[in-house]
Amino acid sequence: MTEQFLTKQECHFTWLDLTNPTVAELQAVADEYRLPDALVHDCLEPTHLPKFEATNGLNFVILRVLVVPENSQADTIQELSTKIAVFYAADYLITVHRRPHPVLSELKNVARAPGQECTTPAEVALHLVRYTLSSYLQPAHVLTKELDDYEAEIFLKREGPNALQGMYFLKRKASAAKQLLLLTRDILTKLRRQTATDAADNTLLQDTQDLQTKVETLYQQLDGAATNLMNLYLSLSSQRTNEAMRVLTVFSAFFLPLTFIAGVYGMNFDYMPELTWKLGYPGAMAAMVLISVGIYVWFKRKGWI
C-alpha cells in the first residue's frame, strides 16, 4: 500500500510511505524518484542489516526494529526484528516497511503541527532512529527478568531440564540485538554529519545517542551475564557429576576387596584347607570387617570422606 503522508504544500518536503509493497509498486516509485537499483535491491532484502549510504545527494538508511517473536526459540535477526528502509533527499522522504508502525503517523502529525518540529527529511530519519532504539528497551527488561529467573533456579538447585537451552536462546537474542545496535551506532555517527546546527537538532541528536548508549550497554551486560551464567551452570553440573562419581568410587573401594575375598572362598576346590576350618567363616567375616575399617580410616585421613 502506498500512501502520501506529506506534500510540499503541507511541509517543506514530500513524504511517501509504502507498507508491504509489491516489487512492481516499489519499482514504480524507484523509477519516479530515480532511486539506484542497488539500493532498491537492498530495500527488498528481508535480512539486510542496518546501514547508511549516501550517494549523489540521496541518503539511504536501513533500520531494524526489535519485535516480540511468536516463537520463544526465535534467535535470528529476521525473526527478532523487522526492517524500515528510508530514502531521503533535500525535498522528499520515502519510507518502506512490511509491518505498520504507528510512529510514522505520529511523525507525520508532528511535521504538520505549528512550529514543525520535523522540518527536514534528515530530522524525520533521526526520529526514526530514536524510535528504533526505543523498541529495544522493553525486550531488554524481559530478557533481564528471564535471566534473573534462571539464576535463581540454578542457585536454588531446582532448574529444569531445559534451563541450559533457555539460557542459550536468551544469549542468542542478546547477541543479535547487540549486533544490530552496533550497526545503528554507525548510522547515528553518519547522521551527525548531516543534521542542522541549531540547538533543537543538537538536543535531539544527543538524546538519541544517549539512548543508543543505554540500550547497547543493556544488551552487552545481558550477553555477558548470560555467558557467565551458562558457564556457571556447566561448572555446577560438572561438580555434581564429580560428587556422584566420588561416592561411587568410595563404594567401589570398600566392596572391591570384600568381593575378592568372597570370590576366592567361593571357588569350592577340594584342597583348600580353609574350607575345613571351624573358624573359617568367622575368620573371613572378621577379615572383611578389618579391611573395611582400614579403608575407612585411610579415606578419612586423606579427607576424601
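Colleague: How many of the 14 residues of H5 are buried?
Modeller: This is a predicted model, where local features need pLDDT of at least 70, side-chain atom pairs count only at pLDDT 80 or more, and totals for chains, interfaces and linings use all residues. Residues are numbered from 1 along each chain as its sequence is written, and side-chain values use heavy atoms, leaving out hydrogens and water. Buried means under 20% relative accessible area, with a 1.4 Å probe and protein chains only. H5 is mostly covered, and its buried count is 11.

Colleague: How far does H5 reach from its first C-alpha to its last?
Modeller: Helix H5 (a DSSP run of H or I, at least four residues) covers residues 121-134. The expected span is 1.5 Å times one less than the number of residues. For H5 that expectation is 20 Å, and the reach is close to it, at 20 Å.

Colleague: Which helix supplies the largest share of the largest nonpolar core?
Modeller: A nonpolar core is a set of buried Ala, Val, Leu, Ile, Met, Phe, Trp, Tyr and Cys residues joined through side-chain atoms within 4.5 Å. The largest one has 54 residues, and Leu128 is among those touching the most other members. H5 and helix H8 (199-264) are among the elements that each supply at least two residues. The largest share, 11 residues, comes from H7.

Colleague: Is glycine 166 buried or exposed?
Modeller: Glycine 166 sits in helix H7, residues 163-192. Its relative accessible area is 16%, so glycine 166 is buried.

How values were computed
Buried means under 20% relative accessible area, exposed over 50%, partly exposed in between (1.4 Å probe, protein chains only).
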